[in-house]
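Work through the exercises below with the model open. Each task is followed by a stepwise solution.

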Amino acid sequence: TKPVYAFEEADSKKRMLLGGKGAGLSEMTRLKLPVPPGFTITTEVCNKYYDNNRKLPKDVMPAVMKNIAKMEKKTGKKWNSTKNPLLVSVRSGAAISMPGMMDTILNLGLNEKTVEGFAEQTKNPRFSWDSYRRFIQLFGKVVFGVNDEKFDHVLNSAKTKQGVTDDSKLNVESLKNIVSEYKKICEAHTKRKFPDTPNEQLVLSIEAVFKSWMGERAIVYREKNNITKDIANGTAVNVVAMVFGNMGDDSATGVVFTRNGNNGKKELEGEYLINAQGEDVVAGVRTGKNIEFLKKDMPKSHKELSNACAKLEKHFREPQDIEFTIEQGKFYLLQTRTAKMSASALVKTSVDMVKERLIDKNNALARIPAQQLEALLHRTIDESKIKNHKQLAKGIAASPGAASGIVVFDVKKAIELGDAGNKVILVRKETKPEDVPAFFSSEGILTSLGGKSSHAAIVSRGMGKPCIVGCSELKISYENNTCTANGITIKEKDTITIDGSAGTVFIGEVPTVEPQMTKDFEQILDWAQKTKTLGIRANADTPEGAKLARKFGGQGIGLCRTERMFNGSDRINLFVEMIMAENIEERSKILTKLGQLQKSDFIEILQAMEGYEVTIRLLDPPLHEFLPNPEELVERIQKLKASGDTDGVNKTEIILKRARELAEVNPMMGHRGVRVGITYPEIYEMQIRAVFDALVELTKKKVKAHPQIMIPQISSIAELNHIKKIYDSIKKEMEAKHKMKLKINFGTMIEVVRAALTANELANTAEFFSFGTNDLTQGTFSFSREDVEGKFLPEYMEKELLERNPFQSIDVNGVGSLIKIGISGGRGVRPNMEIGICGEHGGDPSSIKFCHGAGLSYVSASPHRIPIAIVAAAQAVI
Ligand code: ADP
Ligand code: MG
Ligand code: MG
């Protein structure tokens, strides 16, 4: 491959090589759409640049200059000319779009001499000097790393001095002053003269764009969005002849989505600014005019825009996000890419495009990132409760969903507070791309400036975070850490609620409700249900969870954790008493009471899942987890002593003694699961009996219940057989007593490495398997799942020792191999054995893909992830 391709010669299918922006520009050129001439320096060059100690390979600049010469021909302008200078933009663009995360420089080619030529050529000195000052600002920021605020400061004082509020009203004299001030800022920063030749400027800009690939915000963005090297490796650089939206009132610039990115409606959605440059719209500093007004302002351009949108959508079969610029009435396209949309917009456009016959059902399913659907299952504002809350302000709805949290104005603080577990609403005048890391730590984002097409809005949409922009009623003071609207002042850490679907901001925490499924979402799920072959069950421990799972399309419960039931406020004390019991008689008495409670829980859950399997796992955690920890007890005793409550002291001391007896150094590998069942058989007996009791009662009521009993932490067939004997005797007893056949499958978790390796033995007794991938991952890596995330894992990822968190996405090579061994062991003995997985991985799309391929019967995920799992399972088939 060559280092540089002109738009007309590049093969636009090669996105990895050209980046998304480059590929889009060459494709549009090929479609004969009006794109300014230009060329792409490939991502390969970017990688060579890094391999080469951050130096451009020798062949790059000669190739660049050849292509600049081609541009001169096409535009009739001349590089570095004092009469008719060619100006270019230098733009980043990786294979996966990372809006605003990397750098771009505009108006390159201007210096003290060419700016005069430019003024002559355009007959517009004001405009020329404005372009020049914009260039220095961007160049200074991107190439030299000058703090933007320094430039803003100069700009603002110039405006004050001249007595204007609008950038576009600055006169030539002011602009010349600004230029000289800007240069001084750069020169003070770099301690060298501002580079004046276009050649020098171009090399530095190309290098700066390559550097921005390894800039902090780009790295964070890739990490958080799982953009790995196999899908985007380095950025390309696009050099594009400048066109000017700031050449007067017949010029404009804007961004449109071919369909509404917030709700998916088939309408152009976007904004434009008259007499402005693209950066003004996308940087989120100014709020543009709604695109519908363009029809009146510039009817001819509006028509061209609509036609281009239709053509591009039809060509790419995806809604597009388009940047355009109108230079003195002439319409240009500067970018097109697949529009990033909210989850609800993705769903609606999928259904609509199938109706329009633009795509088929498989395409419709495949184009939805399953992960993103989670946002649709987020709770929404309870409309009936709004009246109890004061509305603070209203802005532009930029990303749907509701979020409550404490107001934080400072980006760093938002990260700190958010990561410490607080729910934060980030409130800013505007958000710059460098603020994006704080989005991840916030529940929602609220800005007083900016429009829907700002990078901030688009990024938050992709993350599924509620976002309101352009909330101009809100006056923010960073100095006082307050914001004010409609006479009400909100301080830092006050609680507010934002409704990103309506654009409204409320004071306090507005209650939320479970989301409604839209018709379109139901349609997508219906297609997915019909396409997938993998079963989807729920991890649910309560009747509510079971009902929700069913509503979302779950077919059965893959994991009902019985210990969760003991944590209920009406029974935790009983359970503690059971642990404290001094002898077996006393313990049995308490267990009988607990058995009654479990039975009624099981009845409700089985009823909610009528017709489907419900896998009930017997007690798993170590007993001491139910007792307060010793330090806490010691404190309690001290307090009781101080208050003179000797009775209380004695009682608590007994608990403390027991807690110390039960404490373990390594509880995750300790006295838990079946090991508790073996040493305290009465506990498992009670639980097994409660399942049988529930089945008896439901059978009598003609409810079709299908409970299954599952034993945790099994490592050997001997353990399993030991419990099976207890099960058998209870079964026999119950069947005799109630004179009915009672079918309850008996199976085991496979979550201990040894269990996976000896699955062929376990299958002689176990009627089904369920992989507990959390513990299995822990055992396979010897990573404590409770500790890794806070300790070394982030560094492992940073140093690329691990590509993904193995607790989130199944480690295919290691844990995956154990799963395959387990499956073949099990099915070798029982060919149709039901084998599933429960554990966090059950709701993770890439793990689901693996599970489908491995031939599992089902995955089990938490109720809110079931729709994701259904769609991901369908995608695994497509
Ligand atoms: P980003 O990836 O941050 O959107 P872009 O490379 O798309 O960066 O450029 C930023 C802004 O500058 C966009 O609004 C774009 O339309 C505008 N722009 C880029 N190149 C040109 C050009 N040659 N002429 C006019 N405007 C341009
Ligand atoms: Mg862009
Ligand atoms: Mg486990």
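Helices (H or I, at least four residues) and strands (E, at least two) are DSSP runs, numbered from the N terminus. This is a predicted model, in which local features need pLDDT of at least 70, side-chain atom pairs count only at pLDDT 80 or more, and totals for chains, interfaces and linings use all residues. Residues are numbered from 1 along each chain as its sequence is written, chains are lettered from A and ligands numbered from 1 in the order in which they are written, and side-chain values use heavy atoms, with hydrogens and water left out.

**Exercise 1. Backbone angles**

Task: Locate Asn107 and Asn226, and classify each as buried, partly exposed or exposed.

Solution.
- Step 1: Recall the background. Most residues other than glycine have a negative phi.
- Step 2: Read the angles. Asn107 has a positive phi of about 60 degrees. Asn226 also has a positive phi, of about 55 degrees.
- Step 3: Place the residues. Asn107 sits in strand β4 (residues 104–108). Asn226 belongs to the loop between α9 (216–224) and β5 (235–241).
- Step 4: Apply the cut-offs. Buried means under 20% relative accessible area, exposed over 50%, and partly exposed in between (1.4 Å probe, protein chains only). Asn107 has 0% relative accessibility, so it counts as buried. Asn226 has 42%, so it counts as partly exposed.

**Exercise 2. The sheet around β6**

Task: Give the strand order of the open sheet and describe how β6 is covered.

Solution.
- Step 1: Set the pairing rule. Two strands pair if DSSP finds at least two bridges between them.
- Step 2: Write the order. Five strands run β8-β7-β6-β9-β10, with antiparallel pairing. The edges are β8 (289–290) and β10, each pairing on one side only.
- Step 3: Follow β6 (residues 252–257) to its neighbours. Six bridges join β6 to antiparallel β7 (residues 269–274). Six bridges also join β6 to β9, again antiparallel.
- Step 4: Pick out partners. Val255 pairs with Glu271 in β7, and Phe257 with Glu269 in β7. On the β9 side, Thr253 pairs with Thr325.
- Step 5: Check the cover. Six of the six residues of β6 are buried. Ala252, Gly254 and Val256 point one way, while Thr253, Val255 and Phe257 point the other way.

**Exercise 3. Two magnesium sites**

Task: Which residues coordinate the magnesium ion that is ligand 2, and which are the protein donors of ligand 3?

Solution.
- Step 1: Define a donor. Donors are N, O and S atoms within 2.8 Å of the metal (3.2 Å for Na, K and Ca); water is not among the atoms, so sites may look incomplete.
- Step 2: Take ligand 2. Glu323 (OE) and Gln335 (OE1) coordinate this magnesium ion at 2.1 to 2.2 Å. Glu323 is in strand β9 (residues 320–327) and Gln335 in strand β10 (residues 330–338), twelve residues apart.
- Step 3: Check burial. Glu323 is buried, at 16% relative accessible area. Gln335 is buried as well, at 5%.
- Step 4: Take ligand 3. Glu751 (OE) and Asp775 (OD) lie 2.1 Å from this magnesium ion. Glu751 is in the loop between β28 (745–750) and α28 (753–757) and Asp775 in helix α30 (residues 773–781), so the pair ties together parts that are 24 residues apart in sequence. Both Glu751 and Asp775 are buried.

**Exercise 4. Empty space**

Task: Describe the lining of the largest cavity and of the second largest pocket.

Solution.
- Step 1: Fix the terms. On a 1 Å grid over the protein atoms alone, a cavity is a set of points where a 1.4 Å probe fits but cannot get out; a pocket is an open set with protein on both sides within 12 Å along at least five of seven lines; lining residues have an atom within 4 Å of a point. Grid points are joined across faces, edges and corners, and a volume is the space filled by probe spheres set on the points.
- Step 2: Set the classes. Ala, Val, Leu, Ile, Met, Phe, Trp, Tyr, Cys and Pro count as nonpolar, Asp, Glu, Lys and Arg as charged, and the others, Gly among them, as polar.
- Step 3: Take the cavity. The search finds three cavities of 30 Å³ or more. The largest has a volume of about 60 Å³. Its lining includes Arg126, Asp130 and Asn246. No nonpolar, three polar and six charged residues make up this lining.
- Step 4: Take the pocket. The second largest pocket has a volume of about 580 Å³. Of its 26 lining residues, Ser344, Leu376, Pro400, Ser501 and Thr518 lie nearest its centre. The lining has nine nonpolar, twelve polar and five charged residues. Helix α13 gives the largest share, four residues.
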